[in-house]
Amino acid sequence: SVPNVPSSARGKARASAAVAVAEGPQGRCRKLLEEDGPVVQASKRQRQRYVTKVGKCQVNLGNIQEKKRFLSDIFTTIVDLKYRWFLFVFMMCYIVTWVVFGTVYFFDAWARGDVGHRGDPEWRACIENVDGFVSALLFSVESQRTIGYGSRMVTANCAEGVILLMAQSIVGSMIDALMVGCMFVKISRPKKRAQTLIFSKNCVVSRRDEKLCLMFRVGDLRESHMVDAKIRAKLIKSRQTAEGEFIPLEQSELNLGYDTGEDRLFLVEPQIICHVINRRSPFWDMSAESLRREQFEIIIILEGIVEATGNRDLAAGMTCQARTSYTEDEILWGYRFEPCMSLEKGAFRVDYSRFEMTFEVQTPAASAKELHELEQRERPSLSLYRDHPWQPRAS
């Protein structure tokens, strides 16, 4: 029996079905994405990222009780400071020691009477030409920085002056070793090198070698290459276990060719990194339609050693790490990356203006699992046809 549906409604349904068939799986996928309500689109825009596109981790640590742990590793704590606070600590370390020892020198000269016997040629002063706090401060700076203008000096008339001078020399050497070492490490850290390692803004999903693959592109803008470059990918997704436990932001590994060595890159030209969606992939059940309902984030981590350009002993071991992330709305289903390399006279040329360009290809909207099951169902009929081929009867 046919339900009582107006003819106009049936005509609209037939028209929409005809349009969907004509558009194919890619057209249906785009239509489904366009039909997302404003609430769903707003939630996707407002969702907090775990890692930004430039690689900054959006995780704030709070309520740390044992903050003395940071003081036990003071070197790393100072190096991790922002530049404005690092320069403030750098200056205050010297200024505080100058003022402290200048104050001690002034009180020593005042207690011994050197200030009151200023200009007395018969007075045996402990510190010559220290007649006030400013002159004691100048003597402190000259002693710690080994300037020694010659007008102020410690004499052998007092033992405490010699001890103070020795103590300030030791403290000054320790401050120089700490602060100059921190300054060198902070300046030479290869963190800025990651800014010349770029990632494509979007991931693409299409078939490669008859397998459904998730792909993105990486590139290096410098002519000095990364040594022993490795790439990894993490899937950040919340889930609920069979026992009802909710695991927020669970991390799972995406295989980028670890078993075959494809995760080790010779990053001379832009390369397309491929994740094969197989049974071990967390995207095994994901289709073009279910993609718009998912909420996850893919973290890409590219590591390598900065190529030595000067002293190899200093440059060796400087590891650079570049990060980026992709959310579900930054994955293009049914697209591939356009080639960006061409052959010139005696060399290859990389056109980075085509780094982000993609083009649409025919890709099934079904998941990798559904495609695999479809192939398994079609295989028996194909094998039966091979075993018993059709032969025409002789007339």
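**Reading contacts, rings and a hairpin in a predicted model**

Residues 24 or more positions apart account for 68% of the protein's contacts that have a separation of 6 or more.

Q: Before looking at details, what kind of model is this, and how many helices and strands does the protein have?

A: The model is predicted, and the protein in it has ten helices and 16 strands.

Q: What share of the residues is buried, and how much of the accessible surface belongs to carbon and sulfur atoms?

A: Of the 395 residues in the protein, 32% are buried. The accessible surface comes to about 25,900 Å², and carbon and sulfur atoms hold 57% of that area.

Q: How many aromatic pairs are there, and how is the geometry of Trp85 and Phe88 to be read?

A: Two rings count as a pair if their centres lie within 6.5 Å, and planes over 60 degrees apart make the pair edge-to-face. By this rule the protein has ten aromatic pairs. The ring centres of Trp85 and Phe88 are 6.2 Å apart and their planes stand at 90°, so this pair is edge-to-face. Along the chain, Trp85 and Phe88 are three residues apart in helix 5 (residues 83–112), and they are therefore separated by about one helical turn. Phe88 has a relative accessibility of 41%, which means that this residue counts as partly exposed.

Q: What is the geometry of the pair formed by Phe106 and Phe107?

A: Phe106 and Phe107 form an edge-to-face pair, with 5.7 Å from centre to centre and 65° between the planes. Phe106 counts as partly exposed because its relative accessibility is 21%, and Phe107, at 48% relative accessibility, also counts as partly exposed.

Q: Which residues do ring pairs link into a cluster, and over the face of which rings does Lys186 lie?

A: The cluster linked by ring pairs consists of Phe86, Phe90, Tyr94 and Trp98. Lys186 lies over the face of Phe86, at 5.7 Å from the ring centre, and Lys186 also lies over the face of Tyr83, at 4.7 Å from the ring centre.

Q: In what sense do strand 14 and strand 15 pair, and which residue in their hairpin takes a positive phi?

A: Strand 14 (residues 341–344) and strand 15 (residues 347–350) pair in the antiparallel sense, over four bridges. To follow the register, one can begin at Ser342, whose bridge partner in strand 15 is Arg349. The hairpin that these strands form has two residues between the strands, and within the hairpin Gly346 takes a positive phi near 80°.

Definitions and conventions. Residues numbered from 1 in each chain as written. Predicted model: local features only at pLDDT ≥ 70, side-chain atom pairs only at ≥ 80, totals over all residues. Heavy atoms only, no water. Buried < 20%, exposed > 50% of the residue type's maximum accessible area, 1.4 Å probe, protein only. Contact = heavy atoms within 4.5 Å. Areas by Shrake-Rupley, 256 points an atom, 1.4 Å probe, with all protein chains shown as cover. Phe/Tyr/Trp six-rings, centres within 6.5 Å; stacked < 30°, edge-to-face > 60°. Lys NZ or Arg CZ within 6 Å of the ring centre and 35° of its normal. Pairing = 2+ DSSP bridges.
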